[in-house]
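Student: I would like to learn how to read pockets, burial and strand pairing in a model like this one. Where do we start?

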Amino acid sequence: MGKVNLKIKYCLENKDYEYNIKGIYYNNILKYYDNSKMILDYEHNILTRITNNDEISFNFLTKTCIITDNKTKRKINFDIEVLDLKNYDNYFLVIYKIDNNLYKIEITKESL
C-alpha cells in the first residue's frame, strides 16, 4: 500500500470546499477519510461514501447512483447525468447533475 497526499476540491449545491488530506492508494483504489470513508475505484470510475447509516455509490460510467441503507439493506437506484469525466494517473475530475443540482469532485494525488 502507498500513502499519498490528496488535494480534494468539490462543489455540492453551490458550496465549494477545498482541503488537503492523506490517503492510501493500492491497485487503482484510493481510500481516504472525509467525515466518512471514501473509496475511489480509478479503474471502474466508481466513488463510494460509507457512513454508519448508509453507503452511496456513484458509478460514473453507467451514470447511476445506488444508496444502500445499512440497517435495512434497502437500495435506492437513480440515474445521474455525467457532464465531464477525466481520469488520469494522478488526477480525477467528475462534474455531474442530479435533477437540476450540479456537483463537482476533483482529486489530485501525489506520492509521499
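Tutor: Start with residue classes: Ala, Val, Leu, Ile, Met, Phe, Trp, Tyr, Cys and Pro count as nonpolar, Asp, Glu, Lys and Arg as charged, and the others, Gly among them, as polar. The model is predicted, so local features need pLDDT of at least 70 and side-chain atom pairs count only at pLDDT 80 or more, while totals for chains, interfaces and linings use all residues. Residues are numbered from 1 along each chain as its sequence is written, and side-chain values use heavy atoms, with hydrogens and water left out.

Student: How do the residues of the lining of the largest pocket divide into nonpolar, polar and charged?

Tutor: Rolling a probe the size of a water molecule over the atoms shows where empty space is left. A pocket is an open set of points on a 1 Å grid over the protein atoms alone, where a 1.4 Å probe fits, with protein on both sides within 12 Å along at least five of seven lines; lining residues have an atom within 4 Å of a point. Here the lining has 11 nonpolar residues, no polar ones and two charged. In total 13 residues line the largest pocket, and L12, M38, L47, R49 and I105 lie nearest its centre.

Student: Which strand gives the largest share of that lining?

Tutor: Strands are DSSP runs of E, at least two residues long, numbered from the N terminus. The largest share, three residues, comes from β1. At least two lining residues each come from β1 (2–12), β5 (46–50) and β6 (54–59).

Student: Is I8, in strand β1, buried or exposed?

Tutor: Buried means under 20% relative accessible area and exposed over 50%, with partly exposed in between (1.4 Å probe, protein chains only). I8 has a relative accessible area of 1%, so I8 is buried. Contact means heavy atoms within 4.5 Å. Not counting residues up to four places away in sequence, I8 touches Y17, E18, Y19, I21, Y32, E106 and I107.

Student: Which residues form the covered face of strand β3?

Tutor: In a regular strand the side chains alternate between the two faces of the sheet. In β3 (residues 29–33), L30 and Y32 make up the covered face, and I29, K31 and Y33 the uncovered one.

Student: In what sense do β2 and β3 pair?

Tutor: Two strands pair if DSSP finds at least two bridges between them. Strand β2 (residues 15–26) pairs with β3 in the antiparallel sense over three bridges, and I24 stands opposite K31 in β3. Strand β4 (residues 37–41) also runs antiparallel to β3, joined by five bridges, with Y33 opposite K37 in β4.

Key:
Helix = DSSP H or I, 4+ residues; strand = E, 2+ residues; numbered from the N terminus.
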